[in-house]
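Let's take a look at this chain together, beginning with one pairing in a sheet and working outwards from there.

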Amino acid sequence: MIRLYSRFLWLLLLVGHVLAAIVSMVALPRGFRIDQPQFWTNLALPGIVAVTLVLAIGLAWRQRFSLARSALAAMLVTYITLAISMRILYPHSYRLPTIAAGVMAFVMALATAQTLSQPAPRRWWSLGIAAIVGVSLGGVFPQLLRSADASTAPSSASLPPITYVAPIESPSRAAIRLRPDVNIHPGDGSANVLAGRAIITVHPLLTFISRSPDRFWTCFAARAAREGPPRRLLGFQRAADDDVELNFADDATSRLQGTIGDNGTLKLHAESLLPVDVFSHLNTFTEVHIAGHERLSISFSPCPAEVIALTPQDGAPARFAYVDADRQFHVVEASQSEKGPFRSLATGRLAKGAALTITLFDSGNPLATITLHDWASQASTAPSPTAGWGVPQNAIEFSLAGSSPRSTASFYITLAATSVGRGFDSVGHTAGTYVNRVDVQTEKPIPATR
């Protein structure tokens, strides 16, 4: 009788795959419907694998090796097919997954050869079925990891062509003052607004931080492809003391205009033209930072009666807002870090073309309002592959940088991203022109000096 410890390699592989399947089920995001790919990749397939391999180990313990032999053969074929399909499907991100699959295929071949010497009936038809299962898994699984088609909705507004032949003026890094309390920074296209003792910084240009060149997980993309081209200032012009236009280029060609309205409101009008679809893990449609406050809280125009406190970025469940496909606006809190399920803090209705206003309060007193005119009309409401629990790809994440209530507050506003939840999946921005009109109104704006 052959002792089990003499076949340490294949037993170790079976047990290791059981543990890996269990870890996957626990670590990967949940809360997906059965018709969503993540239900199968994160829960169903790992569960089936774990149950099958536990049964195989149990039968092997009783000197019945047929299922263990078939399982190892299926995994061998799976890894071989996986390496081939990854190379075909992800031409820019295949290297590390393909190498890992190739190494596992080699080890599986050794283990499968061992099991062929076990005292079990040579049921070659079972090995044929195992091969069919392996080819199916190795061919289908990588496709389930591929990002769905881009689902954002670029603006349908008729805009003048964005062309850049030569700088309008010599580019400069010096801040452009529109008013004593308002500056525009040509280097990154941000605007600073003084609101009492607080400083509000707004970045209205569409910015991609972590990209995928082939719709796979961004962590496997080469660094140059993941980071993309840096933003370059092409030029600017001033129509008046309180009116400036800047031109930029990176993934998109962009135009930013900053003006002061009649009521003292800073009006930012950004346009970004994407020539092709861009798939990314992290990006921002608008980024806002507030420093110099005492204790910041916020409310959203769809649910103005609910005032939400900001919590630390680390050590507290994340808070964020989103609009779903039924145009319901939700403010929620994660159960742990940025992971679901999510607890509702406030709800309201936000029509597709409606503006969204965020009101800032400092120690309970109104500080400023930030109005996003175009976020709701362009945001993707397709399901997020990393969040689960019905959360879409769009999000407004808000938090404090530290544990002190005076820590810098940050808002990361996205049309489609996967920063909420677990994973490095990419989601797409559809090619086209994105418009971002942002109004910043402080309680006591400083009059312009002419």
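## A pairing to start from

Find phenylalanine 279 and look across to S21: its bridge partner there is glycine 428. Keep in mind that this is a predicted model. Right beside that pair, valine 278 has histidine 429 of S21 as its bridge partner. Both belong to the contact between strand S10, residues 278-284, and S21, which pair in the antiparallel sense over three bridges.

## The sheet around S10

Now zoom out a little. S10 sits in an open sheet of three strands, ordered S5-S10-S21 and paired antiparallel. Why do S5 and S21 each have a side without a neighbour in the sheet? Strand S5 (207-212) and strand S21 (427-429) stand at the edges with a single partner strand each, so one side of each is left free of a sheet neighbour. From one strand to the next, the twist averages 65°. As a reminder, strands of a sheet pair through backbone hydrogen bonds, in either a parallel or an antiparallel way.

On the S5 side, five bridges join S5 to S10, again with the strands running antiparallel. One pair to click on is phenylalanine 208, whose bridge partner in S10 is asparagine 283. How much of S10 is covered? Mostly covered is the verdict, with six of its seven residues buried.

## Over at leucine 137

For a change of scene, go to helix H5, which covers residues 124-144 and holds leucine 137. Is this leucine buried, exposed or partly exposed? Its relative accessibility is 31%, and because that falls between the 20% and 50% cut-offs, leucine 137 counts as partly exposed.

Setting aside residues up to four places away in sequence, leucine 137 touches Leu45, Thr78 and Pro142. Isoleucine 358 is another matter: it comes 221 residues from leucine 137 along the chain, and their C-alpha atoms are separated by 47 Å.

## The whole chain

Stepping right back, the chain has seven helices and 22 strands. Its C-alpha trace spans about 95 × 50 × 35 Å along the principal axes. Of the 450 residues, 51% are buried. Among contacts between residues at least 6 apart in sequence, 67% join residues at least 24 apart.

As for the outside, the accessible surface comes to about 20400 Å², and carbon and sulfur atoms account for 61% of it. The charged side chains number 37 positive and 30 negative, with the centres of the two sets 15 Å apart.

Notes
Residues are numbered from 1 along each chain as its sequence is written. This is a predicted model: local features need pLDDT of at least 70, side-chain atom pairs count only at pLDDT 80 or more; totals for chains, interfaces and linings use all residues. Side-chain values use heavy atoms; hydrogens and water are left out. Helices (H or I, at least four residues) and strands (E, at least two) are DSSP runs, numbered from the N terminus. Buried means under 20% relative accessible area, exposed over 50%, partly exposed in between (1.4 Å probe, protein chains only). Contact means heavy atoms within 4.5 Å. Accessible areas come from the Shrake-Rupley method with a 1.4 Å probe; for residues, only the protein chains shown count as cover. Lys and Arg count as positive and Asp and Glu as negative; His and the chain ends are not counted. The place of a charge is taken as NZ of Lys, CZ of Arg, CG of Asp or CD of Glu. Two strands pair if DSSP finds at least two bridges between them. Axes are lines fitted to C-alpha atoms, for helices over the stretch in contact, and angles run from 0 to 180 degrees between N-to-C directions.
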